[in-house]
2 protein chains.
Amino acid sequence: MLSRLRTTFKSRKGSTIVRPDYDKLNTSNLPDKFVYSRPSFLNIDDDSLGSDHSVRAILTPLDLTALPWSSGYAECVNGGKSRYNEDQAAASQFYLTCRQQTPNGSVTNNNRPKSPSSQYSEVMVTYMGIFDGHAGTGAALTASHLLETHLQEKLTEVRESLLELGDGEIVTSLYPAITADSLIIGAMEAAFCSLDEQMARERTTYAIRGGCTSLVAMFLLDTLYVANAGDCRAILHVNDDIIPMSRELCPGAEMLRLQTMAFSNPSLLHNEFSNRAFSRRVWKEDLGKKVLCREPMSQGWVYREVTSDDIRSPLIRGEGKKSRLMDTIGVSRCLGDHDLLVFGTDIRIKPFLIPNPEVKTFNFNKMSLTEDDVLIMGSDGLWDVMSNEDAVRIVKAVLQKHTAQDPLRYTIAAKALVAHSRGMVTEKGWRMDDDEDASFDDITAFVIPLHHTVKKIGTRL
Amino acid sequence: MLSRLRTTFKSRKGSTIVRPDYDKLNTSNLPDKFVYSRPSFLNIDDDSLGSDHSVRAILTPLDLTALPWSSGYAECVNGGKSRYNEDQAAASQFYLTCRQQTPNGSVTNNNRPKSPSSQYSEVMVTYMGIFDGHAGTGAALTASHLLETHLQEKLTEVRESLLELGDGEIVTSLYPAITADSLIIGAMEAAFCSLDEQMARERTTYAIRGGCTSLVAMFLLDTLYVANAGDCRAILHVNDDIIPMSRELCPGAEMLRLQTMAFSNPSLLHNEFSNRAFSRRVWKEDLGKKVLCREPMSQGWVYREVTSDDIRSPLIRGEGKKSRLMDTIGVSRCLGDHDLLVFGTDIRIKPFLIPNPEVKTFNFNKMSLTEDDVLIMGSDGLWDVMSNEDAVRIVKAVLQKHTAQDPLRYTIAAKALVAHSRGMVTEKGWRMDDDEDASFDDITAFVIPLHHTVKKIGTRL
């Protein structure tokens, strides 16, 4: 638990939490929910491997069958901001039972079955996720171990309403407005929320430390679902296009939601924070002066006569990726953090930090995909110093050097991504090729090939 | 005040309020804030003109100099859903004093002045607005008379921070993040909010009945600012492209904000409404059954075991344009409505109905605009039966028939728009050319030529 020290670390980029403080932090007598380890698909006996902050070794799976579709994965630990690698990851494939349209079953024009002549089929679900922990490893570990279970449970609850047509498409016989996609999206959302509830419930039994952002990709027949709660990022590289599959959910990006919460229930501000953002910090000396201010639920700036209510910290400070909620946290959605307090106070931040992910879908139906089309996923440590274009350039360069038949190509691509953002250690610290500061954060990357989704390899038992 | 009767009217489209009920409705002893009249630029002596619901005469200004740039305007009354035309409109030009960069004043690369060597210049502001009232004419009348004053006041508050560069551009010498645009947007937002506060304050002195949506276009040198609070719509037709300048702010479109308010402060639901939306109405008989449900802040659907809390009306019912907030109102932002209640209850809806507009900007700098490039603005009565493409097609057809020199062309275009949506009266009621139901609502349209903005005619005193 080095979190308290974090303010002393270099935090120009990539520090999600500035000054964490947790209620009832004295949970040292509670057992850990999960013992610290690296993802099982890395198959590492000694988890201290890769924890050397001066080396920052890049770890990849030795067994290429450990990940679905020989997907690429690589990770490295931070430059010293916390003892452990607080990023975690998970990957698996499982089967979902759907009803299946039989050859005799007639289907109406709008794809809704006329008759119940359906059998069951097992549809393969491919699942990969990144969980970026902060202020401890507990929440990220818990999510990497348990989110899949919650997701399977929630998918099972809707499976009777899902009907596989046999051509890679899943539909539903429910109301026209309720699509199969909206049931699957609902299952992903519910999985995030129920895992967060479990963490809340079990935190008196186990030490589930900190919180974590979560980015989950789920492939189901022809469709990719990306659920994101936090500041990890997923992009598709398809037919030479870059398609963002998530957006960074940080306080600056979620201003409207956060300000609306405080506007609707000002007690959440505890008379310590203001729902107004001034162009500069205002002090007692400014009382009665006119200072530029952005009111809640506004895009523009106005001059406002400073009142005593205004001499408070802004609920959201700063813009974009550097924004902070209650001066504490740089993300606006995450799992865990149930006891996160504003440093030195008893003000809880969790009411603002919802676990609900934003889910984006992409359908590959009828697309012609090659072995060079990929989904790239990374923790914020990767993206802090890398643009989408950089990432695609790096991955493309690796894939061009390695034939489509080379099962190692995605692993090498993931390693190249992590290597780029980690840089090399110099006398000035970790630097990238262009001598700019490298990422000091934990770094995780997946490079997932997409051509399997249309070839339908392994979609059916 | 025919509002109570509205449920008996045909309300397939265009009915903003379903069952209005107002607290302290017995304000008949209070004087009107403004006596009912049509917009002054129509120069109509007899305001009953155009109030014949069986004729629905289309009114246009007789004096083409009454509107800036010979802009086109047309209106017609509803088909009988209320006695008066509840749409109102306003148009004017006024001057804003900005500092002006002198020829000697040096400007740095990022357009921020190095030296204070500036004089003052008068910059012309062109202002046009549509105010679509509901449940009475009071709020729309008040907004059409007073919003301009509030806007001038708020613009004046920031004028010292605005610097006109002499080439049609306005910048500011403030922090880089605070642009001139963000000050002007802030002024528009503040104008909407302070007018709404005035309505709240004065409603014990005057009878300011109902509420109104507001759509305001403001041209300031090379830039167009469109502020929208409600379900009116503005589109640009520029170089044969259609560019939406607003989005309909109805409950379905603002689900996240409305659900967040109720989530953060459940007392706003008064134990009468539920923040969950079920796929069908749930009753006592459903207790314990699993019914498809959309949780707040979720996109997808899940099965939920119905509890007694769920047997309530949903906060938002229906989708898109047909959605209703608390079973009452079809917009999510408006001015007025401070005493609007859910029918037959004492539940106030106003906390959800914010006056803040969404502001969109468009810069014409360096564009080559012709006399056929226009901004089209309309109340929802226009758009209920007309697509953006229809509107552009109709306007283009008129402009092709009338030379660029014909000052009547924009008026004729506006009239054609209103005529299209109003249709003709038949034995089956008001029908459009294709025999579909015409708009039964009040209809208002502006067609505003844009070439003046780059020619800079009248931009300086």
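Through which surface do the copies meet, as judged by the interface residues of chain B and chain A? In this predicted model, 100% of the interface residues of chain B turn up as interface residues in chain A too, so the copies meet through the same surface. The superposition fits that picture: rotating by 180°, with 0.0 Å of shift along the axis, puts chain B on chain A with an RMSD of 0.1 Å. The two copies are therefore related as by a two-fold rotation axis.

As for what makes up the contact, chain A puts in 33 residues and chain B 32 residues. On the side of chain B that touches chain A, at least two residues each come from α1 (138–158), α2 (180–202), α3 (255–264) and β14 (302–305) of chain B. The largest share belongs to α2(B), with seven residues. By type, this side of chain B splits into 18 nonpolar residues, 10 polar and four charged.

Now to helix α6 of chain B, residues 409–422. Its 14 residues should span 20 Å at 1.5 Å a residue, and the end C-alpha atoms are indeed 20 Å apart, so expectation and model agree. The helix is mostly covered, with 12 of the 14 residues of α6(B) buried; among them are B:Tyr410, B:Leu417 and B:Val418, but also B:Arg409, B:Lys415 and B:Arg422. The packing partners of these buried residues in chain B are the strands β2 (72–76), β21 (374–378), β23 (429–431) and β24 (443–449), together with the helices α4 (380–383) and α5 (388–401). Just past the end of α6(B) sits B:Gly423, with a positive phi of about 70°.

Technical notes. Residues are numbered from 1 along each chain as its sequence is written. Chains are lettered from A and ligands numbered from 1 in the order in which they are written. This is a predicted model: local features need pLDDT of at least 70, side-chain atom pairs count only at pLDDT 80 or more; totals for chains, interfaces and linings use all residues. Two residues are in contact if their C-beta atoms, placed from the backbone, lie within 7 Å. Helices (H or I, at least four residues) and strands (E, at least two) are DSSP runs, numbered from the N terminus. Ala, Val, Leu, Ile, Met, Phe, Trp, Tyr, Cys and Pro count as nonpolar, Asp, Glu, Lys and Arg as charged, and the others, Gly among them, as polar. The expected span of a helix is 1.5 Å times one less than its number of residues. A residue is buried if 20 or more other C-beta atoms lie within 10 Å of its own, exposed if 12 or fewer, and partly exposed in between; C-beta atoms are placed from the backbone. Copies are superposed by least squares on the C-alpha atoms of residues with pLDDT of at least 70 in both.
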